[in-house]
Protein chains: 4
Amino acid sequence: MDYQKILEDIYQEILPYAKVGKQADYIPALAKVDPDQFGICLRTVDGDTYAFRQADTRFSIQSISKVFAIAMGLSLKGEQIWKKVGKEPSGTAFNSLVQLEIEKGIPRNPFINAGAIVVADILMSELDDPEAEFLNFVRTLCKDDTVDYNMEVAVSEREKGYLNAAIANLLKYHGTIENDIEDVLMFYFKMRSVEMSCRELALAFRAFTCHKDFNYAGYALTSSQVKRLNAVMQTCGFYDEAGEFSYLVGLPGKSGVGGGIVAIYPMKYSVAVWSPRLNSKGNSVMGMKALELLTTYTEESIF
Amino acid sequence: MDYQKILEDIYQEILPYAKVGKQADYIPALAKVDPDQFGICLRTVDGDTYAFRQADTRFSIQSISKVFAIAMGLSLKGEQIWKKVGKEPSGTAFNSLVQLEIEKGIPRNPFINAGAIVVADILMSELDDPEAEFLNFVRTLCKDDTVDYNMEVAVSEREKGYLNAAIANLLKYHGTIENDIEDVLMFYFKMRSVEMSCRELALAFRAFTCHKDFNYAGYALTSSQVKRLNAVMQTCGFYDEAGEFSYLVGLPGKSGVGGGIVAIYPMKYSVAVWSPRLNSKGNSVMGMKALELLTTYTEESIF
Amino acid sequence: MDYQKILEDIYQEILPYAKVGKQADYIPALAKVDPDQFGICLRTVDGDTYAFRQADTRFSIQSISKVFAIAMGLSLKGEQIWKKVGKEPSGTAFNSLVQLEIEKGIPRNPFINAGAIVVADILMSELDDPEAEFLNFVRTLCKDDTVDYNMEVAVSEREKGYLNAAIANLLKYHGTIENDIEDVLMFYFKMRSVEMSCRELALAFRAFTCHKDFNYAGYALTSSQVKRLNAVMQTCGFYDEAGEFSYLVGLPGKSGVGGGIVAIYPMKYSVAVWSPRLNSKGNSVMGMKALELLTTYTEESIF
Amino acid sequence: MDYQKILEDIYQEILPYAKVGKQADYIPALAKVDPDQFGICLRTVDGDTYAFRQADTRFSIQSISKVFAIAMGLSLKGEQIWKKVGKEPSGTAFNSLVQLEIEKGIPRNPFINAGAIVVADILMSELDDPEAEFLNFVRTLCKDDTVDYNMEVAVSEREKGYLNAAIANLLKYHGTIENDIEDVLMFYFKMRSVEMSCRELALAFRAFTCHKDFNYAGYALTSSQVKRLNAVMQTCGFYDEAGEFSYLVGLPGKSGVGGGIVAIYPMKYSVAVWSPRLNSKGNSVMGMKALELLTTYTEESIF
C-alpha cells in the first residue's frame, strides 16, 4: 500500500474544506494558533512512517490525553477502575451535567470530561507525583523527552473552566472524587495542555495499535486490556459524534479540541492528523475528512 | 482454529450461569418457552459450520430483525435514510421516549425501538408488499423457505405494545412516519416475530461478515455500506449495554429479547447463540458469556 | 366597585394587542374561528353580572373542561384520586412526555394533558354514562341545558391527537389508566369540545368562587375541597406559565387553547374572558392582559 | 378568633408527629441542634401577637433568607431582575442542575438554590457592602439589632457546599453571575446562616403581609410588587412540595432546612413555626402539620 501517495491525494481532495469551521478560541493560547495548518502522520507497526505537511508541528493534544490517562489508570487499578467510571457511550454532548446528575455521579465513560476528571483523581490517589509520572509515560510512549506541559494553556483553561469546575464539584458531591477539587482540576488541565506533533502521536499510539507487550515506563497492560481500551475508544471517543466517526472511518480513535485526531488500525498502523478548524461537534473538519478518505481509499477498516 | 472444541469448552465454562436470569414473559408466547435451552452456531466465510446443542431450534429473533430491516432500507434509500434515523448510540434504555421528545422525533439509531419503527415505515412507503418482501429477503439470506412470521407472537406483542404505540404516536406527531400507525406497528411486530435457529442466523449474517457482493433478493449494498452497517451495529446494537458488549466481546453484534445474539468477525465468521434467560438489560446471560469467552479463547476480535 | 366601567376601560387599553398572536389552527374547526373577537363577563357571588362585547358567543372551552372533570373526580373518589395524579406544578410544557416517563406514569397534576387523561379514565371507571354525566354536571353549573359537545371538534382532535395518544399509551403501559385507550381519548376530547360563552363560564365558576355548598347534579365537595382545588388551579392552571399568571394576575385560573380563560376571586367574583389569538405558551394574549389589568385596577387579588 | 387557643390546640394535635423525621445533619452546627423543639408565633397586622413554646429560640433561617434577598433585589433592580431569574415553579428538587443546564443558566425562580445564588450576585453588584446591607435590612424588618450571621454555620456550609459550588460554576459558565464565585457563595451562605426566632420572623414578615408602605432600611416596594412577591412565594416557595403546601395550607410561605417555615395571610397575619425534624422533601414535619391545621381550624386561607 503506497500510504505516502494516499496521504498526498487525500490532502488534495480535502482542500475545499480548508476554510470550513473555526478553531477553538475559548482561551487566548488556542485562539492565536494559525488555523490554516494541516499535518498528518501514519506509522505502521513495522515502523514505516509516512508524513505530510506540518507533521512535526506540535499542538495542544487536549482530550487525546484522556487515552494516556485511562491507560495508566487501568494499569494501576485493573478492572476496579470501572466502578468509578463507566464504559458506555454518552449519547449527549461531552460536557453534559444532566446525565451525571441522573446517574448519581458515575460518569458514562473516561472520554467525557467528567470521566476524565475521575481518572485524574484516581491517578492522584495512586501516585506520589502524578504530574511527573504522566509526563514520563507520554515521553516514553513517543520516545521524546522534550514533550512537555504548556503551563500557559493549563492556567488559561483553569481560569475559564467554569463548566469543568461545576462537573468536579458535582463529582465531589457524589463522592466520586477523593482529592482536593482545585488540585484535580489543575492536574486535569495540565494533562490536556501537553503538546505533541502528529509524528509523536502516531508513535505514541503504536502502543495501542500493537496490543501485545504493552509496558511503558512501568505501566503494563495485557493484550486483552489494550484491545478493550480500543473498544472503549471506538464507542466513546468522539462524544456525540462517536457513531458518525465509527460509520465514516471505521477505526477506534480520539479527537481533541486543539484539532488533533488519532486513530488506530489494530496490528496495522496508527495515524495522527491535525488541523485546527473544528466542526460544530468540536472535531477537526479536515481531520475527520482525511481519515474518512484514508479508510475509503485503502478499503481497510475494522469492519 | 478448532472452533468446535472451543464452543464445547465454552459451554462447560458457562454452565454455572445456566439458571441465572429469566426469560422475557411479557407475552404468553415468550413466557412458555423452556428457559433452559442453549444453542450456538459459528460459520466461517468459507462455509465451515460449527454447531452445538440446540443450534437447530427456532426461536423468536425479535430485535435481531432490525438488522435485516435497516439493510433493506439502506439498499432502497441509500444515505437518504439517515435523515429520518440517526446512527449515534442512544446512551439510554432502548425504549426511552425522553430522548425522542428532546430530539424532535428523529430516533438516535435504527436499533432502538423508535428507530426500527421508522425503518418499518420507510419500507412500507417504498414497497408494495413489505411483509412478503421482508420475509423473502430473510429467507434468501438463510437459504430456507420455511422461515416465517409467528402471528401469535406478533398479535400478542401488539396487544401489550403500549410503549411502542406511544413511540409510534410520538413519531407521527413529529411527522417522522408517514403510514397509518396501526399498520406500521403491526408490520414492526411481524418482523420481530420471525423465528429462526442459530444455524439459520449464522448463515443469514454471512452477508454482513463478507461485505463484498451483498445482493440478496434484489437488495444490494456496496462493500462500504455493509461495513458501515457493521459499524452501527458495533456502537448501537446493544442499547445501553453497547459499550459493555464492545468491551467484553469486541465484535459488532445484535441481540433480541427472545434470547438470541448474533455477532460477526468481518471476513472471518458469523456466530449466533441463543439462550432465553436474560440479564437486567434484556440480553441473554449465557449468550453474552459465550461470546465473551469465544473472543477471549480465540484472541480474535476487531480491536 | 364599578366593574362595568373597569371592563370597558380595560378593553380600550388592550386594543393595541388585538392583532398579536394567532389562534390555534391544528384542527379546522378552531382554525376557522374569527380571531378578532373578544368577550368578557364578571359575575359577583351576589349575582351581579358585568359583560362586555362578545360575552354571549360560545367557543370551545378546551382545557377549561379539566376543572369540571377533576371536580367530579374529587367528589367521586375523595383524596384517593391523588394517588393517580399529583398536584404539583409541572415546570415543563403541558404535553411533556419526559416528566411522565421519569415519574413512572403518574402525571404531575390534573391540568396537564396526561393528568386530565387520567381523570377521564377515572370518571369512566366510576360512572355508567360518563359523557351524559359530565354534560349534565356542566349544564347544572351554568344553568343552561343547551350547552353541548361539538362532535366535529372532538373527532378532529382525535384524528390529529397523536401526542395525546402517545401520552395515553404511556399511561396504559404504566398501568395508570384502566379503560380502553380509544374510549378514554374520545371521552377526553369530547369534554374539551364543549362550547360555552363567557357568561356561561362565569356562572359555572361561581361554584368554585363561593366554596360553601358545592353540590351540583349530585356532585358535592366540602368547602375545604373547593378551596384546595382552587389552590391546584393557582399553582398548575397555566402549564409553564403558571408562575407568570400568578405573578401578573394573582388569582387562581384556567386557560384553554380555544382562547378562553376563567379566574376566580374567592368569595368575591368569577370572571371569564375570551379572545382566540394565543401567545407562545398557548394562552389568550388579550385574555391575559385583561385579567392583569383587572386585578391591577381593582387592587384586588388573593395576595 | 382566639388564635392563642388554636395554637395550643394545634400543638396537642400534632404531638404524635413529634418524633417523625430527622433534622438536617449535613453540617455539625445543624446536626447538634436539639431536634425535639417546637415554637410558633402568629402576629396580626394590627400587632396582636400569639406565641407558644420555643417561640423565642433562635434557629438558622436558611432558605427563608431568600425572601429577604429577592425583596432587596426587586427594590434595587425592579422588573429587570426577572431577566436573570424566572418566576415559574421548578417542578424538580431544589438543587437540580438538570433544569439549569437545559434552560441555559437562567434559574427557574429565586427560591431554588440556583436562583438565590443569582440574587446574591445581583446584590453584590449593586451594593458596596452587601453583607452589612442585608443584615441591616433584616434587623430593620424584625426591629432587633442583635440578629446576626452565624459564621460557624456559613463556613461549614461552604466547606460541604459542593453542589452549590457546582451550581455557581454553571451559572458563571452561562454568564448569569458576574462576581467571583467564591465571594458569591460565601455571601449566599452567610445570608442563610442568619439566626432568628419565630417571634422575630413573624414580625419581619409583617412587611409582606401588609403590602402597603413597604419601605425598610431604604428598600421600598410598591403594593403591587409585594403582592407579586407573595405570588412567587405561593407557587415556588416549597421546591417540589409547592403544590402540596398550597393544597394543604393555602397560604404563601417559605421554608428552611433549619426547620423553620413562615406563611402569610395577606392583610391579616404572618405566622412563623419551627421544629427541626424534616420530611423527605426537607420541610419541617410539625411545621407543615401546624400550618395545615391552622388554616383548617380558622377556615382562613387565600382560596
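Start where chains A and B meet: the contact draws 30 residues from chain A and 30 residues from chain B, with two residues counted as in contact if their C-beta atoms, placed from the backbone, lie within 7 Å. Keep in mind that this is a predicted model, in which local features need pLDDT of at least 70, side-chain atom pairs count only at pLDDT 80 or more, and totals for chains, interfaces and linings use all residues. Residues are numbered from 1 along each chain as its sequence is written, while chains are lettered from A and ligands numbered from 1 in the order in which they are written.

On chain A's side of that contact, the elements that give two or more residues are helix H12 (223-236) and helix H13 (242-248) of chain A. Helices here are DSSP runs of H or I with at least four residues, strands are runs of E with at least two, and both are numbered from the N terminus. H12(A) supplies the largest share, nine residues. Sorted by class, the chain A side has ten nonpolar, 13 polar and seven charged residues. For that sorting, Ala, Val, Leu, Ile, Met, Phe, Trp, Tyr, Cys and Pro are nonpolar, Asp, Glu, Lys and Arg are charged, and the others, Gly among them, are polar.

How do the two copies relate? Turn chain A by 180° with 0.0 Å of shift along the axis and chain A lands on chain B with an RMSD of 0.0 Å. That is the relation of a two-fold axis. The same surface serves both copies, since 100% of the contact residues of chain A recur in chain B. The superposition is by least squares on the C-alpha atoms of residues with pLDDT of at least 70 in both copies.

Now move over to chain C, where eleven residues are in contact with eleven residues of chain B. On the chain C side, helix H4 (97-102) and helix H8 (162-173) are the elements that give two or more residues, and H8(C) gives the most, with eight residues. By class, this side has eight nonpolar, one polar and two charged residues. A turn of 180° and a shift of 0.0 Å along the axis lay chain C on chain B, with an RMSD of 0.0 Å. In chain C, the C-alpha nearest that axis belongs to C:Ala166, 1.9 Å away.

Finally, zoom in on A:Ala220, which sits in strand E6 (residues 219-221) of chain A. Is A:Ala220 buried or exposed? A:Ala220 is exposed, because 11 other C-beta atoms lie within 10 Å (20 or more would make a residue buried, 12 or fewer exposed, and anything in between partly exposed, with C-beta atoms placed from the backbone). Leaving out residues up to four places away in sequence, A:Ala220 touches A:Ser75, A:Phe214 and A:Asn215.
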